[in-house]
Amino acid sequence: MDQVKFTQMKDGDKEDYDFLTAHEIEHTKGTADRLLKALVDLDEGLSGYQITRLGHSLQSATRAERDGADTDWVVAALLHDIGDIFAPYNHDEYAATILKPFVREQVTWVVEKHGDFQLVYYGEHVGANPEKRQAYSGHPYFDDCATFCERWDQNSFDPDYDTLPIEHFADRVREVFAREPYDPTVIRAGEREPLQA
Ligand SMILES: [Fe+2]
Ligand SMILES: [Fe+2]
């Protein structure tokens, strides 16, 4: 069997769906490498800054690693702008959706909200509310998102920074996306890990 028998999902039988399940598991194993490839594609997007989007992503991840942050943080820093390719108006939510089954809840939340938090640095220049982050005032992960933006995001546009190459992060990305999706011991709802060791 190399494809299902049905043309409408409602006509599929157990054999069809067993086949698809096995097929999807194989496909899923390639997620990490597809993401790494997409990150390289970011290099062709959005010009105007002194470094490319890929350069920015790598610089964020490099800073996270040098802060002694754990793998969830480093991979999140690497992928936080991956939504720029297909979702320019909600790139933060897009990246968070990709990460959500495989990293701590804390990390997903920070990636999801980083766009709003970043506005404090430039909102006034583009007619947006710089204090949009105040909508989350008192949230347990508020300070984490503020730190993420301050230490790894808003400052990672420096062409002279000693940024590590994508190969340096590949094994970490593969490790994260090889995890059991939604494993409670990975999601660790409500728990926080520091961004700086
Ligand atoms: Fe962003
Ligand atoms: Fe960014």
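Helices here are DSSP runs of H or I at least four residues long, numbered from the N terminus. On that footing, Arg188 sits in the segment after helix 9. The model is a predicted one, and this residue is a handy place to start looking at its backbone.

Arg188 has a phi near 45 degrees, which is positive even though the residue is not glycine. Most residues other than glycine have a negative phi. Tyr182 does something along these lines too: its phi is positive, at about 60 degrees, and again the residue is not a glycine. Tyr182 belongs to the loop between helix 8 (166-177) and helix 9 (184-187). As for surroundings, Tyr182 counts as exposed because it has 10 C-beta neighbours inside 10 Å, and 12 or fewer is the cut-off for that class. Arg188 has 16 such neighbours inside 10 Å, so it counts as partly exposed.

Stepping back to the overall fold, the protein has nine helices and zero strands. Read from the N terminus, then, the elements go α-α-α-α-α-α-α-α-α. The C-alpha trace spans about 55 × 35 × 35 Å along its principal axes. Of the 197 residues in the protein, 32% are buried. Taking contacts between residues at least 6 apart in sequence, 62% join residues at least 24 apart.

Now for the interior. In soluble globular proteins, nonpolar side chains tend to be buried together. In this model the largest nonpolar core holds 36 residues, and those with the most contacts inside it are Trp73, Val74, Val75, Ala76, Ala77, Leu78 and Leu99. At least two core residues come from each of helix 2 (31-41), helix 3 (53-66), helix 4 (71-79), helix 5 (91-99), helix 6 (105-126), helix 7 (142-153) and helix 8. Helix 4 is the top contributor, giving seven residues to this core.

Val74 offers a closer view of the packing. Setting aside neighbours within four places in sequence, Val74 is in contact with Ala61, Ala64, Glu65, Ala69, Phe169 and Arg172. One of these partners, Phe169, is found in helix 8. Phe169 has 24 other C-beta atoms within 10 Å and is therefore buried, the threshold being 20 or more. Apart from neighbours within four places in sequence, Phe169 is in contact with Ala61, Val74 and Leu78. Ala61 thus turns up in the contact lists of both Val74 and Phe169. Phe169 and Thr62 lie 107 residues apart along the chain, yet their C-alpha atoms are separated by 8.9 Å.

Methods
Residues are numbered from 1 along each chain as its sequence is written. Chains are lettered from A and ligands numbered from 1 in the order in which they are written. This is a predicted model: local features need pLDDT of at least 70, side-chain atom pairs count only at pLDDT 80 or more; totals for chains, interfaces and linings use all residues. Two residues are in contact if their C-beta atoms, placed from the backbone, lie within 7 Å. A nonpolar core is a set of buried Ala, Val, Leu, Ile, Met, Phe, Trp, Tyr and Cys residues joined through C-beta atoms within 7 Å.
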